[in-house]
Amino acid sequence: MKKYGALEAGGTKMVLAVMDGEGTELQRKVIPTRTPEETMPEMLSFFIGEHLAALGVGCFGPLDLNPASPTYGSITRTPKLAWRGYPILRAFEQALSIPVALDTDVNGAALAEAKLGAARGLSSCLYLTVGTGIGGGLIVGGEPVHGLMHPEIGHLLLTPEPDDPAPAGFCPYHPHCAEGLASGPAIEKRWGVSARDLPEDHPAWALEASYLAQVCADAMLAFSPKKIILGGGVMHQSFLFPMIREKTVRLLNGYIPVPAVEAGLMDYIVPTGLGDQSGILGAWLLARQAEASHV
Ligand code: ADP
Ligand code: ZN
């Protein structure tokens with residue numbers, strides 16, 4: 001039986017799995033993310049000896065994904081300083097001597113949702129996670145989008161709402177970007193209460209829905225994805241979905257005359273189809289692609 005390695009590399013934890021050709025998990029291990037010197041040997045000892053056909057890595061970023069770049073496959077400007085500049089792709093390739101594919105965690109999750117989840121059968125989708133940060137993975141023509149770098153939809157610049165008590169938001173790079181205004185920590189900093197503990201009738205949620213609607217409307221105008229999938233811890237507040245749909249329709253103001261919008265975006269802005277499995281399944285799909293492109 002062929003086996004594939006899958007790694008969901010996050011800022012706080014690493015989820016490692018060995019999977020078969022059908023995407024069934026054979027083994028899983030979760031370890032805390034420390035420095036590369038501490039974390040890499042532990043990850044390698046999990047994968048070494050498994051005789052993997054390939055490894056797929058969905059990683060926090062930003063990443064250098066330009067094959068022509070001398071630092072291709074490295075983590076770039078991350079606030080996790082120990083990982084800044086770390087050549088994660090090369091480190092796995094050299095230690096395991098197997099094909100390795102690297103993409104952003106959110107591009108991986110978007111790929112899994114497009115192939116197996118809420119956007120199954122569709123050639124394009126946007127996957128947005130709203131958690132510790134905001135990240136967007138974009139699939140177009142069945143493939144994750146790379147370009148100058150890779151999309152950083154979580155840092156789209158938004159229009160601050162007039163009733164926002166913290167209209168500049170909290171991103172160290174940009175005033176009023178989506179992550180700075182609407183991530184879980186942004187909600188907590190603005191209101192002094194964890195997003196988990198804010199009651200449903202708190203004004204935080206109308207504001208949150210407004211910002212996420214701006215992201216959805218902008219993404220629809222810029223990329224025209226066939227579906228938008230919202231995941232991450234904050235989206236556990238499922239009452240946000242109808243609020244976001246309604247506000248997105250209002251922002252578009254009749255400009256996109258397609259049935260999905262006319263139906264109020266009910267089947268268009270949706271929760272994940274794979275729940276918290278989209279990251280690891282995305283890494284597995286990347287491993288399958290790495291194998292296919294090395295034959
Ligand atoms: P990460 O982004 O680190 O992978 P999560 O997606 O769980 O992890 O995001 C964590 C953030 O989401 C925290 O800021 C937390 O306050 C918020 N969060 C987690 N669960 C909930 C919940 N049920 N309701 C609202 N916010 C939540
Ligand atoms: Zn930002």
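Biologist: What makes a nitrogen atom of ligand 1 and the side chain of Gln-237 a polar contact?

Modeller: The term means a pair of N or O atoms within 3.5 Å (within protein, one must be able to donate a hydrogen and the other to accept it, and residues adjacent in sequence count only if both atoms are side-chain atoms). Here the nitrogen is 2.7 Å from an N or O atom of the Gln-237 side chain, so the pair qualifies. Mind you, this is a predicted model: local features need pLDDT of at least 70, side-chain atom pairs 80 or more, while totals for chains, interfaces and linings use all residues. Residues are numbered from 1 along each chain as its sequence is written, chains are lettered from A and ligands numbered from 1 in the order written, and side-chain values use heavy atoms, without hydrogens or water.

Biologist: How far is ligand 1 from the side chains of Thr-132 and Arg-196?

Modeller: An oxygen atom of the ligand sits 2.6 Å from an N or O atom in the Thr-132 side chain. For Arg-196, a ligand nitrogen is 3.4 Å from a side-chain N or O, so that one passes the polar-contact test too. Taken alone, ligand 1 exposes 560 Å², and the protein buries 69% of that.

Biologist: Which atoms coordinate the zinc ion (ligand 2)?

Modeller: ND1 of His-155, SG of Cys-171, ND1 of His-174 and SG of Cys-177, at 2.1 to 2.4 Å. Donors are N, O and S atoms within 2.8 Å of the metal (3.2 Å for Na, K and Ca), so these four fit. His-155 and Cys-171 are 16 residues apart, both in the loop between S8 and helix H4 (178-182).

Biologist: Why is the arrangement around zinc called tetrahedral?

Modeller: Four donors earn that word if all angles lie between 85 and 135 degrees. These 4 subtend 103 to 120°, so the label holds.

Biologist: How do you know whether Cys-171 is buried or exposed?

Modeller: Buried means under 20% relative accessible area, exposed over 50%, partly exposed in between (1.4 Å probe, protein chains only). Cys-171 is at 12%, so it's buried.

Biologist: And what makes strand S7 (residues 134-140) largely enclosed?

Modeller: 6 of its 7 residues are buried, so the rest of the structure largely encloses S7.

Biologist: What makes S6 (residues 125-130) and S7 a pair?

Modeller: Two strands pair if DSSP finds at least two bridges between them. S6 and S7 have 6 and run antiparallel, so they pair. Tyr-127, for one, has Gly-137 in S7 as its bridge partner. The two strands form a hairpin with 3 residues between them.

Notes:
Helices (H or I, at least four residues) and strands (E, at least two) are DSSP runs, numbered from the N terminus. Four donors count as tetrahedral if all angles lie between 85 and 135 degrees; four count as square planar and six as octahedral if opposite donors are over 155 degrees apart and all others between 65 and 115; anything else is irregular. Accessible areas come from the Shrake-Rupley method with a 1.4 Å probe; for residues, only the protein chains shown count as cover.
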